[in-house]
Amino acid sequence: MSYTEGAAAHSEDARAGDDPWAVVHQFSQARSRSGGIAVRTTAQGLPVAVRIASTELDKHPELLAADILRLCKQSAMSAGIRLRENLLAAGVDRDLVNEMKLPQPEDLAAAEERDDEEADAMTSWLRR
């Protein structure tokens, strides 16, 4: 999942005088590395659409649900990053934005890295 797809465009919108809070009312998206699962969520991470490739349906239901939840959380982080960037671009004081504890790009990158490590971890003593 990459939050940068529209981040620059959102920052430019905020500079042009648009409402920097508009991102709160927009949908955000995330997809798995394989592209087999994609979610569209509110800025708070509530799913409004989920696309699941047929190959993903072979997974155990708990694993599939965990993947969907993880993507919803990443989508919410992406929306938070865009909100942070829009507020800063609109001239909101950096200290005030920091007090809001909005996610930063490093937070999303760390979450994605953690998820990748967990996906690569051995699930049992047997080979995969």
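**View A. Glu112, a buried residue, forms a salt bridge with Arg33.** Glu112 has a relative accessible area of 12%, and buried here means under 20%, exposed over 50% and partly exposed in between (1.4 Å probe, protein chains only). This is a predicted model, in which local features need pLDDT of at least 70 and side-chain atom pairs count only at pLDDT 80 or more, while totals for chains, interfaces and linings use all residues. Residues are numbered from 1 along each chain as its sequence is written, and side-chain values use heavy atoms, with hydrogens and water left out. The closest N and O atoms of Arg33 and Glu112 are 3.8 Å apart; a salt bridge is a side-chain nitrogen of Lys or Arg within 4 Å of a carboxyl oxygen of Asp or Glu. The pair links distant parts of the chain, 79 residues apart: Arg33 sits in the loop between strand S1 (28-31) and strand S2 (37-41), and Glu112 in helix H4. Helices (H or I, at least four residues) and strands (E, at least two) are DSSP runs, numbered from the N terminus. Arg33, unlike its partner, counts as exposed, because its relative accessibility is 55%, whereas Glu112 is at 12%.

**View B. Asp67 bridges to both Lys59 and Arg70.** Between Asp67 and Lys59 the closest N and O atoms are 2.3 Å apart, and between Asp67 and Arg70 they are 3.6 Å apart. Asp67 and Arg70 both lie in helix H2, three residues apart, about one turn of the helix. Salt bridges that share partners join Glu56, Lys59, Asp67 and Arg70 into one network. In an α-helix there are 3.6 residues a turn, so residues three or four places apart point the same way. How covered are the members of this group? Asp67 is buried at 16% relative accessibility, Lys59 is partly exposed at 31%, and Arg70 is partly exposed at 23%. The count of salt bridges comes to four.

**View C. Strand S2 pairs with S1 and with S3.** Both pairings are antiparallel, with four bridges between S1 and S2 and five between S2 and S3; two strands pair if DSSP finds at least two bridges between them. To find your way, start at Val39 in S2, the bridge partner of Ala30. Val39 also stands opposite Val50 in S3, and Ala38 has Arg51 in S3 as its bridge partner. S2 is mostly covered, with four of its five residues buried.

**View D. Each hairpin has a glycine with positive phi.** The hairpin of S1 and S2 has five residues between the strands, and there Gly35 takes a phi near 85°. The hairpin of S2 and S3 also has five residues between its strands, and Gly45 takes a phi near 95°.

**View E. Val50, Ile52 and Leu57 form a nonpolar patch on the surface.** Together these residues have about 240 Å² of accessible area, from the Shrake-Rupley method with a 1.4 Å probe, where for residues only the protein chains shown count as cover. Patches are made of residues with over 30% relative accessible area and no salt bridge; like charges are joined within 9 Å, and nonpolar side chains (Val, Leu, Ile, Met, Phe, Trp, Tyr) within 5 Å. Ile52 is in strand S3 (residues 47-52) and is partly exposed, with a relative accessible area of 31%.

**View F. Helix H2 has the span expected from its length.** H2 covers residues 61-89, and its end C-alpha atoms are 42 Å apart. Why does this agree with expectation? At 1.5 Å a residue, its 29 residues should span 42 Å, since the expected span is 1.5 Å times one less than the number of residues. After H2 comes Gly91, with a positive phi near 95°.

**View G. Lys101 is a residue other than glycine with a positive phi.** Its phi is near 55°. Most residues other than glycine have a negative phi. Look for Lys101 in the loop between helix H3 (94-99) and helix H4 (105-120). Is Lys101 buried or exposed? Lys101 counts as exposed, at 68% relative accessibility.
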